[in-house]
Amino acid sequence: MSKKILLSGVKPTGLLHVGNYFGAIKQFVDFQDEYETIIFIADLHAITTVQDKDLLSKQIYDIAVDYMACGLDPEKALIFKQSDIPEVSELAWYFNCITTVPYLERAHAYKDAEAKGREVNMGVFDYPILMAADILIQDADVVPVGKDQKQHIEYARDTAEKFNRVFNTDIFKLPKEMIVESLAVVPGIDGQKMSKSYGNVIPLFAEHDEVKSLVMRIPTDSKGVDEEKNPEDMVLYQIHKIFNGSEELFNSYKKGLSYKEAKEKLIEDILAFSEPFRKRRAELHGNRDYVLDVLKKGGERAKARVEAKMEKVRNAVGVKLY
Ligand code: AMP
Ligand code: TRP
């Protein structure tokens, strides 16, 4: 039996953080043997916010390096950038034509931007549709993401159903999100969801001094060392358990471990965890020819994968005459 298809992407909008890794990228890596794995760099989505040529190019390159530094193996996973498949944008257009404005107005990301009084560009408004095209064009079965992306996968499913219904076909498969409950929302150093826009992230590749200063900022209460505490209520523990889920750590947070010691141990655990990643990243970063070759070949393969499907789509819509 052929393997099921796992597909996901990350926007090249800056440094990866611990939330990106545990919420999403870890799953890409863990499942790359079990699934046919397709991982891309969502560069078209990034243009909704990154509108600087050199910065975007740099960030695309960095994510390619970061994916491999995290353990994605280009021999197993297909790695490419979204813009190397122009058909994704073409498909998004067909989807746009069957999507209503009120339906897109219900998207959380759009509503949040509106509520904050931001001027919303069409790219932000249409974001879920471009994402549906990414997913559906490759026949994805499962899409590993953090919880913040759940609604987008629902949009992709709805869009597949609608296209199939409107054009009377069964071209599109209905994808499912893959969300690891315990990692669905990784907290940042202030206890809110870890997110670049909240300024509360621990960068995945941070070195000692940065990790130390971030961990020192995690709030703690004034309970004494020997007072009994509920570790699950503490931001410090909520972050720590991601790196060390042992019962021993849990019990020591409950009683007996001072916050100072807990923070020192967290710094140590984060750095021990990320060391192999940082090492691989440093090795790969200077190997530009190799990294670009992986991306370029990946793009060619990814584009070839969608050709037959897009012919069916054009035929279903009625624009294919020869
Ligand atoms: P982004 O940086 O928004 O492109 O996110 C890349 C992936 O990381 C997406 O699948 C997000 O859902 C996931 N992600 C981002 N922040 C977190 C978080 N704090 N907890 C869990 N997953 C996250
Ligand atoms: N919207 C996703 C994010 O912000 C990135 C993304 C774009 C994506 N297209 C996708 C994720 C398709 C999964 C599948 O993280």
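**Salt bridges and a ligand**

Glu264 and Lys260 sit four residues apart in helix 12 (residues 259-285), which is about one turn of the helix. Keep in mind as you look around that this is a predicted model. The side chains of these two residues meet in a salt bridge, with 3.2 Å from N to O. Which of the two is exposed, and which is partly exposed? Lys260 is exposed, at 59% relative accessible area, while Glu264 is partly exposed, at 39%.

What makes such a pair possible? Side chains of opposite charge can pair when their charged atoms come close.

Now hop over to helix 13 (residues 288-317), where you'll find a similar set-up: Lys297 and Asp293 are four residues apart, so about one helical turn separates them. Their side chains form a salt bridge too, at 2.8 Å from N to O. Lys297 is partly exposed, with a relative accessible area of 47%, and Asp293 is partly exposed as well, with 35%.

Not every pair sits within one helix, though. Take Asp33 and Lys76, whose side chains make a salt bridge of 3.2 Å, N to O. Asp33 is in the loop between helix 1 (18-30) and strand 2 (36-41), and Lys76 is in the loop between helix 3 (53-69) and strand 3 (78-81), so this salt bridge ties together parts that lie 43 residues apart in sequence. Asp33 has 47% relative accessibility and counts as partly exposed; Lys76, at 40%, also counts as partly exposed.

Salt bridges can also join up into a network, and here one links Glu90, Glu311, Arg314 and Lys320. How many salt bridges are there in the whole count? The count comes to 24.

Next, find ligand 1. There are 17 residues around it, and the ones that come nearest are Gly146, Asp148, Ala184, Val186 and Met194. What kinds of residues make up this shell? Eight are nonpolar, six are polar and three are charged. Helix 1 gives the most to the shell, with four residues.

Zoom in on a few atoms and you'll see how ligand 1 sits among its neighbours. One of its oxygen atoms is 2.4 Å from an N or O atom in the side chain of Asp148. An oxygen atom of ligand 1 also lies 3.2 Å from a polar side-chain atom of Asn20. Met194 uses its backbone instead: a polar backbone atom there is 2.9 Å from a nitrogen atom of ligand 1. On its own, ligand 1 would expose 490 Å², and the protein buries 91% of that.

How values were computed
Residues are numbered from 1 along each chain as its sequence is written. Chains are lettered from A and ligands numbered from 1 in the order in which they are written. This is a predicted model: local features need pLDDT of at least 70, side-chain atom pairs count only at pLDDT 80 or more; totals for chains, interfaces and linings use all residues. Side-chain values use heavy atoms; hydrogens and water are left out. A salt bridge is a side-chain nitrogen of Lys or Arg within 4 Å of a carboxyl oxygen of Asp or Glu. Helices (H or I, at least four residues) and strands (E, at least two) are DSSP runs, numbered from the N terminus. Buried means under 20% relative accessible area, exposed over 50%, partly exposed in between (1.4 Å probe, protein chains only). A residue is near a molecule or strand if one of its heavy atoms lies within 4 Å of it. A polar contact is a pair of N or O atoms within 3.5 Å; within protein, one must be able to donate a hydrogen and the other to accept it, and residues adjacent in sequence count only if both atoms are side-chain atoms. Accessible areas come from the Shrake-Rupley method with a 1.4 Å probe; for residues, only the protein chains shown count as cover. Ala, Val, Leu, Ile, Met, Phe, Trp, Tyr, Cys and Pro count as nonpolar, Asp, Glu, Lys and Arg as charged, and the others, Gly among them, as polar.
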